[in-house]
Structures are given as structure tokens and as C-alpha cells.
Amino acid sequence: MALQTLNFTFESANREQMAKEWSHLGVTGSGDMECLMEKIDLQGGVKAKVVTPVKGFDKVWERMIKKFVNDTGAGNVSIEINDDNATPIVVYMRLRQAWAEATAKEAV
């Protein structure tokens with residue numbers, strides 16, 4: 001199975017930034033995906049790398065990640081997604097879960 005790599009960059013309202021240096025959520029398994037996030041100075045922007053076996057869905061990936069960025073105001077984050085046939089709603093859900101984990105303040 002050949003994989004393709006997609007790269008996207010987005011401007012952001014940059015309302016929210018990661019509390020941690022990096023975050024990981026999910027597994028690359030049947031019908032799912034893995035999402036890694038790294039705090040990085042991108043002048044408030046977001047960059048995303050998607051590795052997927054599914055061809056022809058570039059615009060869907062771009063729309064889902066853009067929706068995530070717009071909805072959360074995520075900024076200064078590099079996102080890496082390793083996909084195993086996740087549906088668009090799973091992509092959005094995993095991104096939101098990973099962001100919640102990445103922005104969570106540690107309990108004292």
C-alpha cells in the first residue's frame with residue numbers, strides 16, 4: 001500500500017496555544033488515526049502534515065483541518081497525522097481530542 005504525504009499551512013486567530021511542548025493521541029489502526037502536535041513558533045500559524053493511504057481526498061483533509069483551526073483558534077502548532085482510513089468526522093474528533101489534551105493545564 002503506497003502512502004501519500006499532504007502538507008498544509010493555515011493562518012490562525014491564534015486565540016489558544018498549547019500548554020505542553022508536545023501531545024499525542026490515537027493509534028494508527030483499523031479505521032482510525034494518530035495525531036501528534038508540537039508547540040512551535042509559526043508566527044501564530046498552523047502547519048499540518050498528513051500521511052494517508054487514501055488518494056484523492058486532499059481537499060477534504062484541508063477543509064477538516066481548516067475547520068479545526070478556525071473553530072479552536074489553535075496557533076503555533078505543528079500537527080502530524082498518520083491516517084488509516086479515518087472518516088472526516090473521526091479526523092475532526094481526533095484533532096479536537098488531541099487539542100484538548102495539548103491545552104490542558106496540569107492539575108496542581
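**Exercise 1. Classify proline 88 by exposure and place it in the fold.**

Step 1. In this predicted model, proline 88 has a relative accessible area of 39%. Buried means under 20%, exposed over 50%, and partly exposed in between (1.4 Å probe, protein chains only). Proline 88 is therefore partly exposed.

Step 2. Proline 88 belongs to helix H2. Helices are DSSP runs of H or I with at least four residues, strands are runs of E with at least two, and both are numbered from the N terminus.

Step 3. Leaving out residues up to four places away in sequence, proline 88 touches Val60 and Met64; contact means heavy atoms within 4.5 Å. From glutamine 43, proline 88 is 45 residues apart in sequence and 28 Å apart in space, C-alpha to C-alpha.

Residues are numbered from 1 along each chain as its sequence is written. Local features need pLDDT of at least 70, side-chain atom pairs count only at pLDDT 80 or more, totals for chains, interfaces and linings use all residues, and side-chain values use heavy atoms, with hydrogens and water left out.

**Exercise 2. Describe the lining of the largest pocket.**

Step 1. A pocket is an open set of points on a 1 Å grid over the protein atoms alone, where a 1.4 Å probe fits, with protein on both sides within 12 Å along at least five of seven lines; lining residues have an atom within 4 Å of a point. The largest pocket has a volume of about 170 Å³, where volume is the space filled by probe spheres set on the points, which are joined across faces, edges and corners.

Step 2. Its lining includes Val60, Trp61, Met64, Asp83 and Pro88. Helix H1 (58-72) and helix H2 (88-103) are the elements that give two or more residues to this lining, and H1 gives the most, with three.

Step 3. By class, the lining has eight nonpolar residues, two polar and one charged. Here Ala, Val, Leu, Ile, Met, Phe, Trp, Tyr, Cys and Pro count as nonpolar, Asp, Glu, Lys and Arg as charged, and the others, Gly among them, as polar.

**Exercise 3. Characterise the whole chain.**

Step 1. The protein chain has two helices and five strands, in the order β-β-β-β-α-β-α along the sequence.

Step 2. The radius of gyration is 13 Å, close to the 13 Å from the globule rule for 108 residues, so the chain is as compact as a globular protein of that length. This radius is taken over C-alpha atoms, and the rule is 2.2 Å times the number of residues to the power 0.38.

Step 3. Of the 108 residues, 44% count as buried.
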